[in-house]
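Subject: Structure for your review

Dear colleague,

Please find below the structure that I am handing over to you, together with its sequence. My notes on what was found in it follow.

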Amino acid sequence: MTKCSPIPTYLVVLFVISSLMSIIGKPSPWTHLLPQELLSLDLATRLSLDSNAINLASTDFGKIIRTIPAAVLYPSSHEDISNLIKFSSTCSRPFSIAARGRGHSVRGQAMAHNGVVIDMRSLNCGTNGSRIKVGRTNSTNFYVDVGGEQLWIDVLNATLEHGLAPRSWTDYLYLTVGGTLSNAGISGQAFRYGPQISNVYEMDVITGRGETVTCSKQTNSELFFAVLGGLGQFGIITRARIALDPAPQRVRWVRMVYDDFSAFTRDQEHLIFINNGDHQLENIKGLLDYVEGSVMMDQISSRANNWRSSFFSSSDQPKITSLATKQGDNNIIYYLEVAKYYDHLTIDTIDEEMDLLLNGLSYIPGFMFTKDVSYVDFLNRVRIGELKLQAQGLWDVPHPWLNLFVPKSQISEFNSGVFHGILKNTKTAGPLLLYPTNRNK
C-alpha cells in the first residue's frame, strides 16, 4: 500500500428478491389529466394514450412502485422533448415529466404520476447508428459522441470497430447512456478509472425550462456536475461525449474464495492501492482493471454460480458448495473477483503478471479459480444470466436493489450486523456485492 493512499469507501450492493409491491396512484381518464392545448402541438402525433404504452411506463425494474402516467411521448428528435418541457413550464396546468430509458430505476424515478413519460429509446428509431460517432481531439485522445438513449452494448460494439472502448462500465450493458450517467455508473473498474460519470467530457442537456445547453467541466460546469449522478432531476441528457482508450482483446478473470472477512477486505484494499512503482511490478504493463467482491449466504450455498455470471465449471461447483456447508452456523463465504485485460502484445506475459499481482493474498489455499474470456464476453456476462431467467419465467419479479457507500472504518461492523445479523436469517436470493472504491475517483 502506498504511504499516501486515500482511504477507500466500500460500495455495498444488496439485491433481494421479495414479493412485495406497493401501488401509488390510480389510473384516471386521461382527458382530465393533461391540458387540451397539448393536443394542438406538432408533437401530439407522437403522444401515445395507448393502454399498453401507459402500462409499460407505469413500472420499472424494481417493480415495487407503480405510478400511472397520462401519456407517453415517443420523440423523433430532441426538439420534441424540449417543446414538451417548454409547454408544461408555461401552460396554466403544469404536469410532471420523466425521461425513461430501459426503466432500470427501482423506486419509480422514471415514472410521472398523471404526467408524461418520455420514451428516450424512440430517439434511436431510424438513425442507423448515426447517434454513435467516434472522434478524436488529437493523435492519442479519442472520444465517442453518444445519444443519451443509446445502449451501452451498442456503444461497445460501435467503438470496437475502431479498436477502442470506454474505460468504465456497469455490470449490465443493456442500459442507456443517459440512464447510467444519471446514476453514476459504477462497477469493478471504478477503483481505477472512476465511475462512468468521471469519464465524460461534455454533454447536451435539456433543462427544466426546455433549453438545450452544452455543458462540460469548463462550460456551464454547475449544470454538468448536477446532471451527472443527478437522478434525472436537473435535466435530460441527449448527448454525451465519453473518453475512449484502446480496446483490449482478452481478459484474465480470477475468483478467490475467503472465509475470513478481515482477510477479504485487506486483500481488496491491497489490490486497489498497489504501487505501480514497486520494483517487483515494474515490468507489468498496467495493473488490475477490475476488482469486485461478493458474499455467498447459506441460503444460496447450493448454487456456486448465480444469475449474474456462470463462472465456476461443473467440476468446481461441488468444491465451493462443500466449503460453504463446512462453515456450519457461520457459513458465509466471500469471493474476491479480479480481472486484467490484455492483447496480442501482452499475451506472453499475462501469466507472470497475474502471479505477481496476486502474490501473497490470503484466500483459502486451493480456492483460486481462473477463466480466460474475450473482452466482450467479460463485459456482457450478466446478459447470459438474464436471458436464462427470462426463459424460465423468473426475471419479471420485484427487484429491490440498494446501493450503499460504507466508510472503511465501519465495513467490519456492517459485515457483522447486516450479513451475519440480518440477511443470514432471512430468505434472500440475489447477488450481494461488496468492493472498495477510491474516494478520489
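I begin with strand β13. Seven of its seven residues are buried, so β13 is largely enclosed by the rest of the structure. Please bear in mind throughout that this is a predicted model.

**Strand β13 and its partners**

The side chains of β13 are divided between two directions: Tyr290, Glu292, Ser294 and Met296 point one way, Val291, Gly293 and Val295 point the other way, and all are buried. This division follows a general pattern, in which the side chains of a regular strand alternate between the two faces of the sheet.

β13 pairs with strand β14 (residues 333–342) in the antiparallel sense, over seven bridges. Within that pairing, Met296 has Ile333 of β14 as its bridge partner. β13 is also joined to strand β17 (residues 432–438), again antiparallel, by two bridges. There the bridge partner of Val295 is Leu432 of β17.

Ser294 may serve as an example of a residue in this strand. Ser294 belongs to β13, which spans residues 290–296. Its relative accessible area is 12%, and it counts as buried because that value is under 20%. If neighbours within four places in sequence are left aside, Ser294 is in contact with Phe264, Ile333, Tyr334, Tyr335, Leu432, Leu433 and Leu434.

**The sheet containing β4 and β5**

A second region of interest is an open sheet of four strands, in the order β2-β3-β5-β4, with mixed pairing. Its edge strands are β2 (47–48) and β4, each of which pairs on one side only.

β4 and strand β5 (residues 116–119) run parallel and pair over four bridges. Ile97 stands opposite Val116 of β5, and Ala98 stands opposite Val117 of β5.

Which side chains of β4 are buried, and which are not? Along this strand (residues 97–100), Ala98 and Arg100 point to one face and are buried, whereas Ile97 and Ala99 point to the other face and are not.

The loop between β4 and β5 contains Asn114. This residue has a positive phi of about 60°, although it is not a glycine. Asn114 is partly exposed, with a relative accessible area of 22%.

**Cavities**

Four cavities of 30 Å³ or more were counted. The second largest cavity holds about 40 Å³ of space. Its lining is made up of Ala53, Leu56, Ala57, Val72, Tyr74, Arg100, Val117 and Asp119. The elements that contribute two or more residues to this lining are α1 (51–56) and β5. Arg100, one of the lining residues, is also one of the buried residues of β4.

Lys63 lies in the loop that follows, between α1 and β3 (71–73). With a relative accessibility of 18%, Lys63 counts as buried because the value is under 20%. The C-alpha atoms of Lys63 and Ser105 are separated by 9.2 Å, while the two residues are 42 residues apart along the chain.

**Nonpolar cores**

The largest nonpolar core has 53 residues, and those with the most contacts inside it are Met203, Val257 and Phe378. Domain 2 (132–246) and domain 3 (250–433) both give residues to this core, so it lies between them. Apart from this core lies another, of 37 residues, among them Met256, Phe273, Leu358 and Phe419.

With neighbours within four places in sequence left aside, Met203 is in contact with Val213, Thr214, Cys215, Phe224, Val227, Leu228, Ile237, Arg239 and Ala240.

A further residue to note is Leu231, which is placed in the loop between α6 (221–227) and β11 (236–246). Leu231 has a positive phi of about 55°, although it is not a glycine. Its relative accessible area is 42%, and Leu231 is therefore partly exposed.

**The chain as a whole**

The chain has 12 helices and 17 strands. Of its 441 residues, 54% count as buried. Among contacts between residues at least 6 apart in sequence, 76% join residues at least 24 apart.

Yours sincerely

Conventions. Residues numbered from 1 in each chain as written. Predicted model: local features only at pLDDT ≥ 70, side-chain atom pairs only at ≥ 80, totals over all residues. Heavy atoms only, no water. Buried < 20%, exposed > 50% of the residue type's maximum accessible area, 1.4 Å probe, protein only. Pairing = 2+ DSSP bridges. Contact = heavy atoms within 4.5 Å. Core = buried A, V, L, I, M, F, W, Y, C linked by side-chain atoms within 4.5 Å. Domains from an automatic or database assignment. 1 Å grid on protein atoms, 1.4 Å probe; cavity = no way out; pocket = protein on both sides within 12 Å on 5 of 7 lines; lining within 4 Å. Points joined across faces, edges and corners; volume = space filled by probe spheres on them.
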